[in-house]
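User: I'd like to learn how to read side-chain features in a structure like this one. Can you walk me through it?

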Amino acid sequence: MGESDQIMVDGITVDLVDPAQCTPLPTSSDVLHRPDQAAGAASVLTPSGAVLTAVESLLPGRLSDTGLIDALTACDRLRALVDAKQNELLAELAHRDPGGEQFLREEAALALHLAPATTQDRLQCASELSSRLWDTFDLLRAGYLSAVHARILATATVDLPDPVAAKVQAQVLRRAPGQTPGEFRAAVRRAIAKHDAKSQNEKHRAAAAQRHVRREQVEDGMGWLTLFAPADGIETVWTAVNAWGTKTSRQDQRTADQRRADALVEICTAALALPGLPTEHGLKPTVNVTLAASTLAGTDNQPGYLNGEPVPADIARRLATQPGAQRHYWPVDQTGHLLDQTCPHAPTASTVPTGPALDSSLITHRYQPTTTITRHVITRDQHCIMPGCRRRAHTCQLDHRTP
């Protein structure tokens with residue numbers, strides 16, 4: 001906003017004056033005797049060192065609720081000023097050492113305690129803001145945008161031609177000061193889709209070729225499942241999970257997030273029971289859990305192994321005792337390693353729930369391993385035996401132990 005803008009109200013032209021132009025800078029007396037007014041002034045004034053001094057002198061305990069919010073707003077705008085200055089300095093650094101021969105980029109990474117890749121992203125963002133995204137930088141320096149907003153736009157438009165980047169910036173900056181980062185990111189996506197429709201189709205085809213599902217085990221017997229896929233596929237999965245997750249009752253105390261997570265597991269559990277699934281080593285795809293017989297019986301709580309990954313005893317027991325679960329018993333030595341011999345008999349009902357005894361040998365003259373050998377090797381090794389390889393055993397070639 002300039003010194004004054006005009007709007008029409010009931011056919012009458014009304015001047016709008018920028019509050020920063022008519023609000024005096026708080027004095028030391030204002031900060032001491034009128035802290036709320038000082039905070040209010042700091043929240044509308046153009047960020048500067050003098051405003052920072054006034055805000056720094058405010059005592060939070062002397063502010064009213066309104067004054068506290070104004071002081072927070074002032075801090076946010078002051079942070080934007082500092083971020084703008086840092087971007088200005090980074091842009092100058094990138095200009096001085098464009099090829100990296102002077103190692104200024106590495107010096108910046110060390111000084112800012114950032115990884116080299118993160119520093120490179122910051123430098124690229126700063127270069128964008130100091131050139132074709134100058135309007136965005138101007139709003140950042142004035143305290144109307146956060147560094148997060150500026151980085152979102154710079155990252156999203158870095159590969160766009162100059163004319164398209166200019167159109168995107170002009171469209172999104174109108175509402176940006178009042179938007180959260182999430183709202184702003186969505187606005188940027190819509191603007192790019194509008195002004196760069198042709199190349200967006202090409203980029204989508206290239207991105208769709210990278211679609212994948214990733215699994216990651218974390219602490220406490222939990223894990224992440226990440227799906228990267230075209231938007232229509234994501235919406236299909238989300239709609240199904242949402243719909244399935246609405247099945248509830250008055251006794252159901254789960255949150256919506258918990259119901260959706262459980263729904264996805266239930267859908268995939270049902271899929272594993274469908275006919276026609278490809279087999280692995282002649283075995284139907286299953287979730288394999290390995291645990292000690294004493295843990296299954298509840299006499300101790302040794303961790304189990306879920307497809308080769310350690311899990312708490314409760315999870316292992318739950319999987320091993322659920323309806324329809326098949327159990328196979330293997331003899332082990334005192335250290336818990338499987339023995340290369342057949343289990344003579346299954347444990348009795350007095351020790352653990354009975355299961356099918358293994359009555360076939362672990363020796364075969366066939367090229368392909370028998371079902372018993374397959375289960376034994378997968379249970380014994382859990383992962384590929386190549387040093388450093390964490391590939392799960394059931395996806396390996398079981399007959400290739402030596403080159």
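Analyst: Let's go feature by feature, and keep in mind that this is a predicted model.

User: Let's start with charges. How many salt bridges does a search of the whole structure find?

Analyst: The general idea first: side chains of opposite charge can pair when their charged atoms come close. Here, searching the whole structure turns up twelve salt bridges. One of them joins Glu 92 to Arg 96, with the closest N and O atoms 2.8 Å apart.

User: Where do Glu 92 and Arg 96 lie?

Analyst: Both sit in helix α5, and they are four residues apart, about one turn of the helix. Glu 92 is partly exposed at 35% relative accessible area, while Arg 96 is exposed at 54%.

User: What about Arg 132, which acidic side chains does it meet in salt bridges?

Analyst: Arg 132 pairs with Glu 128, at 2.9 Å from N to O. Arg 132 also meets Asp 162 in a salt bridge, at 2.7 Å from N to O. That second pair links distant parts of the chain: Arg 132 is in the loop between α7 (116-129) and α8, Asp 162 is in helix α10, and 30 residues separate them. Salt bridges with shared partners join Glu 128, Arg 132 and Asp 162 into one network.

User: Are the members of that network buried or exposed?

Analyst: Each one falls in its own class. Glu 128 counts as buried, at 12% relative accessibility. Arg 132 counts as partly exposed, at 22%. Asp 162 counts as exposed, at 51%.

User: On to the rings. How many aromatic pairs are there?

Analyst: For rings, you look at the distance between centres and the angle between planes. The count here is one aromatic pair. It is made by Trp 134 and Phe 137, whose ring centres are 4.9 Å apart and whose planes are at 35°, so the pair is tilted. The cut-offs explain that label: planes under 30 degrees apart would be stacked, and over 60 would be edge-to-face.

User: Why are Trp 134 and Phe 137 separated by about one helical turn?

Analyst: Because they are three residues apart in helix α8 (residues 134-141). As for cover, Trp 134 is partly exposed at 38% relative accessibility, whereas Phe 137 is buried with a relative accessible area of 3%.

User: Which charged end sits over the ring of Tyr 144?

Analyst: With a charge and a ring, you ask how far the charge is from the ring centre and whether it lies over the ring face. In this model the charged end of Arg 77 sits over the Tyr 144 ring, 4.8 Å from the centre.

User: Next, the cysteines. How many disulfides does the count come to?

Analyst: The thing to check is the distance between sulfur atoms, with a cut-off of 2.5 Å. By that rule the count is zero disulfides. If you want to look at cysteines anyway, Cys 75 is partly exposed, with 35% relative accessible area, and Cys 125 is buried, with 6%.

User: Which residues form the nonpolar patch on the surface?

Analyst: For a patch, look for accessible nonpolar side chains that lie together. This one is formed by Val 213, Leu 225, Leu 227, Val 237 and Leu 264, and together they have about 400 Å² of accessible area. Take Leu 225 as an example: this residue lies in strand β4 (residues 223-228) and is exposed, at 58% relative accessible area.

User: And backbone angles? Where is Phe 103 found?

Analyst: Here you check the sign of phi and whether the residue is a glycine. Phe 103 is found in the loop between α5 (65-96) and α6 (104-112). Its phi is positive, about 60°, although Phe 103 is not a glycine. The side chain's residue is exposed, with a relative accessible area of 52%.

User: What is phi of Asp 220 near?

Analyst: Phi of Asp 220 is near 65°, again a positive value in a residue other than glycine. Asp 220 is placed in the loop between β3 (212-217) and β4, and is exposed at 71% relative accessible area.

User: Last one: how many residues apart in sequence are Thr 180 and Val 148?

Analyst: Compare the separation along the chain with the distance in space. Thr 180 and Val 148 are 32 residues apart in sequence and 9.6 Å apart in space, C-alpha to C-alpha. Thr 180 is in the loop between α10 (162-172) and α11 (181-195), and is partly exposed at 42% relative accessible area.

Notes: Residues are numbered from 1 along each chain as its sequence is written. This is a predicted model: local features need pLDDT of at least 70, side-chain atom pairs count only at pLDDT 80 or more; totals for chains, interfaces and linings use all residues. Side-chain values use heavy atoms; hydrogens and water are left out. Buried means under 20% relative accessible area, exposed over 50%, partly exposed in between (1.4 Å probe, protein chains only). Rings of Phe, Tyr and Trp (its six-membered ring) pair if their centres lie within 6.5 Å; planes under 30 degrees apart count as stacked, over 60 as edge-to-face and the rest as tilted. Helices (H or I, at least four residues) and strands (E, at least two) are DSSP runs, numbered from the N terminus. A charge sits over a ring if NZ of Lys or CZ of Arg is within 6 Å of the ring centre and within 35 degrees of the ring normal. Patches are made of residues with over 30% relative accessible area and no salt bridge: like charges are joined within 9 Å, nonpolar side chains (Val, Leu, Ile, Met, Phe, Trp, Tyr) within 5 Å. Accessible areas come from the Shrake-Rupley method with a 1.4 Å probe; for residues, only the protein chains shown count as cover. A salt bridge is a side-chain nitrogen of Lys or Arg within 4 Å of a carboxyl oxygen of Asp or Glu.
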